2 protein chains.
Amino acid sequence: MKNLITASTSTVYGGEYLDYITDEMAELFKDTEEVIFIPYARPGGISHDEYTEKAAKAFSKIGKKLVGLHTFDNPLEALKNAKGAFTGGGNTFVLVSALYRLEIMQPLREAIFNGLPYMGTSAGSNICGVSMQTTNDMPIVYPPSFKTLGVIPFNLNPHYLDPDPNSKHMGETRETRIAEFHTQNTIPVIGLREGSWLRVKGDEIMLKGELKARVFEQGKEPYEVKSGTSLKFH
Amino acid sequence: MKNLITASTSTVYGGEYLDYITDEMAELFKDTEEVIFIPYARPGGISHDEYTEKAAKAFSKIGKKLVGLHTFDNPLEALKNAKGAFTGGGNTFVLVSALYRLEIMQPLREAIFNGLPYMGTSAGSNICGVSMQTTNDMPIVYPPSFKTLGVIPFNLNPHYLDPDPNSKHMGETRETRIAEFHTQNTIPVIGLREGSWLRVKGDEIMLKGELKARVFEQGKEPYEVKSGTSLKFH
């Protein structure tokens with residue numbers, strides 16, 4: 001049974017890294033002392049070691065040991081033995097390229113379908129969708145495919161931002177970008193605002209956190225869903 | 001001799017489509033009555049016909065006829081015969097995919113190197129760089145390559161936005177995104193604010209418009225250049 005959290009962000013404004021979601025992390029990873037960290041998204045180009053250290057500090061607060069996947073000689077084997085996994089944010093193109101290069105995209109997908117407790121934030125959530133095509137990130141490397149884990153039956157747009165009515169900027173709003181996505185793709189998109197996350201247990205996918213989320217379906221007006229809503233698409 | 005304009009945006013706040021840059025367009029296209037329009041970036045998913053109609057209206061104000069490249073049976077031949085070309089903004093991934101699919105990326109590059117007067121706005125400017133890897137757009141389609149025209153020896157970030165000191169949003173700023181690009185790539189990047197453009201004549205590349213531009217080079221602090229500056233990298 002799938003058992004995962006996809007969070008919009010690692011950090012909410014004014015907070016510390018992962019602190020707003022500590023209780024949910026503790027619940028998700030309650031059956032393991034050790035969690036594997038997937039550091040490949042490298043926010044700001046941070047090294048795998050530095051990133052693991054930062055994330056490990058947050059995990060130590062719930063009494064868990066976090067071990068970087070990059071420290072294993074055989075990451076595939078490490079994933080197979082894992083009792084929990086967390087993928088941090090950063091650049092989704094860099095992350096997806098690394099998962100393909102290391103040939104762990106498909107094994108990670110299988111592990112999650114088989115019940116591996118998994119948490120993603122930002123880019124780490126993006127990859128849970130059908131494709132990474134609704135990321136906000138710059139295409140700083142060229143991945144072999146935009147297809148991602150597909151452990152949820154839609155795409156995410158993390159860090160979802162509402163249009164600013166006072167903006168004088170003429171670049172596309174997030175909503176316009178997602179509308180453009182739907183001129184080329186049929187996959188629904190959930191705009192997750194910072195502080196929101198999805199809690200997936202088996203086939204149930206529930207919106208959590210205090211905020212609403214914005215749902216984009218091809219050929220429909222975007223609409224809002226409340227926290228506590230179970231997300232279903234037919 | 002190269003002869004082109006790469007503009008940050010088609011439209012400045014409070015203005016009409018292309019109106020702020022009319023005089024420069026008239027000067028660039030002074031030797032032709034007809035300009036070819038490359039409509040493939042499809043902003044908001046607009047059809048090629050609708051987009052051509054919109055752009056043609058702006059070109060009619062300077063007495064030029066704009067003809068959509070999509071209306072030719074042989075776009076390659078049309079490009080070879082063109083005396084001027086304009087690529088409008090929209091989604092850079094969609095645009096680049098179309099240029100590769102139609103096999104006109106390389107011919108367009110050659111035409112510009114051979115002196116074809118060319119103007120790009122937003123995505124149409126982005127493709128003038130070495131790669132499209134500093135676009136702001138969503139990867140809504142998967143292009144066969146991120147490599148673009150390379151008619152200027154650096155990359156552009158159109159619609160460049162300064163960090164908002166009052167923002168409570170935790171997503172990456174534009175500056176952070178470009179810094180991440182430079183963890184993977186050595187190509188300099190010019191952040192062009194809306195209302196700025198580059199005027200390229202042969203090997204001279206001059207910043208125009210009223211605003212400064214922000215320059216990002218790998219391993220250096222970003223810095224500002226004034227309008228009228230000739231851009232050179234060694």
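In this predicted model, the second largest pocket encloses about 390 Å³ of space. Its lining is made up of 19 residues, and those nearest the centre are Ser10(A), Pro43(A), Lys54(A), Met170(B) and Glu172(B). Two elements give two or more residues to this lining, namely α2 (48-60) of chain A and α7 of chain B. Sorted by class, the lining of the second largest pocket holds 11 polar, 5 nonpolar and 3 charged residues.

The largest pocket has a volume of about 1,300 Å³. It is lined by 39 residues, and Leu161(A), Ser167(A), His169(A), Leu161(B) and Arg174(B) are the closest to its centre. Helix α7 of chain A and helix α7 of chain B each contribute at least two residues to the lining of this pocket. Here the classes divide into 16 charged, 13 polar and 10 nonpolar residues.

Helix α7 deserves a look of its own. In chain A it spans residues 174-181, and its buried residues are Arg174(A), Arg177(A), Ile178(A), Glu180(A) and Phe181(A). These buried residues lie on the same side of α7(A), because they cover an arc of only 155 degrees around the axis. In general, an α-helix has 3.6 residues a turn, so residues three or four places apart point the same way. The buried residues of α7(A) pack against β6 (155-157), β7 (189-191) and β10 (213-216) of chain A.

In chain B, helix α7 covers residues 174-184, with Arg174(B), Arg177(B), Ile178(B), Glu180(B), Phe181(B) and His182(B) buried. The cover over the buried residues of α7(B) includes β6 (155-157), β7 (189-191) and β10 (213-216) of chain B.

Aromatic rings add another layer to the picture, with 19 aromatic pairs over all chains. One of them joins Phe37(A) and Phe86(A) in a tilted arrangement, at 5.4 Å centre to centre and 35 degrees between the planes. This pair links distant parts of the chain, since Phe37(A) sits in strand β2 (residues 34-38) and Phe86(A) in strand β4 (residues 85-87) of chain A, 49 residues apart. Phe37(A) is buried, with a relative accessible area of 0%, and Phe86(A) also counts as buried at 0%.

Tyr160(B) and Phe216(B) form a pair that is tilted because their ring centres are 5.6 Å apart and their planes stand at 55 degrees. Tyr160(B) belongs to the loop between β6 and α7 of chain B and Phe216(B) to strand β10 of chain B, so the pair ties together parts 56 residues apart in sequence. Both Tyr160(B) and Phe216(B) are buried. Finally, Phe93(A), Tyr142(A), Phe146(A), Phe93(B), Tyr142(B) and Phe146(B) come together in one aromatic cluster.

Terms used:
Residues are numbered from 1 along each chain as its sequence is written. Chains are lettered from A and ligands numbered from 1 in the order in which they are written. This is a predicted model: local features need pLDDT of at least 70, side-chain atom pairs count only at pLDDT 80 or more; totals for chains, interfaces and linings use all residues. Side-chain values use heavy atoms; hydrogens and water are left out. Buried means under 20% relative accessible area, exposed over 50%, partly exposed in between (1.4 Å probe, protein chains only). Helices (H or I, at least four residues) and strands (E, at least two) are DSSP runs, numbered from the N terminus. Contact means heavy atoms within 4.5 Å. The arc is that of the directions from the helix axis to the C-beta atoms. On a 1 Å grid over the protein atoms alone, a cavity is a set of points where a 1.4 Å probe fits but cannot get out, and a pocket is an open set with protein on both sides within 12 Å along at least five of seven lines; lining residues have an atom within 4 Å of a point. Grid points are joined across faces, edges and corners, and a volume is the space filled by probe spheres set on the points. Ala, Val, Leu, Ile, Met, Phe, Trp, Tyr, Cys and Pro count as nonpolar, Asp, Glu, Lys and Arg as charged, and the others, Gly among them, as polar. Rings of Phe, Tyr and Trp (its six-membered ring) pair if their centres lie within 6.5 Å; planes under 30 degrees apart count as stacked, over 60 as edge-to-face and the rest as tilted.
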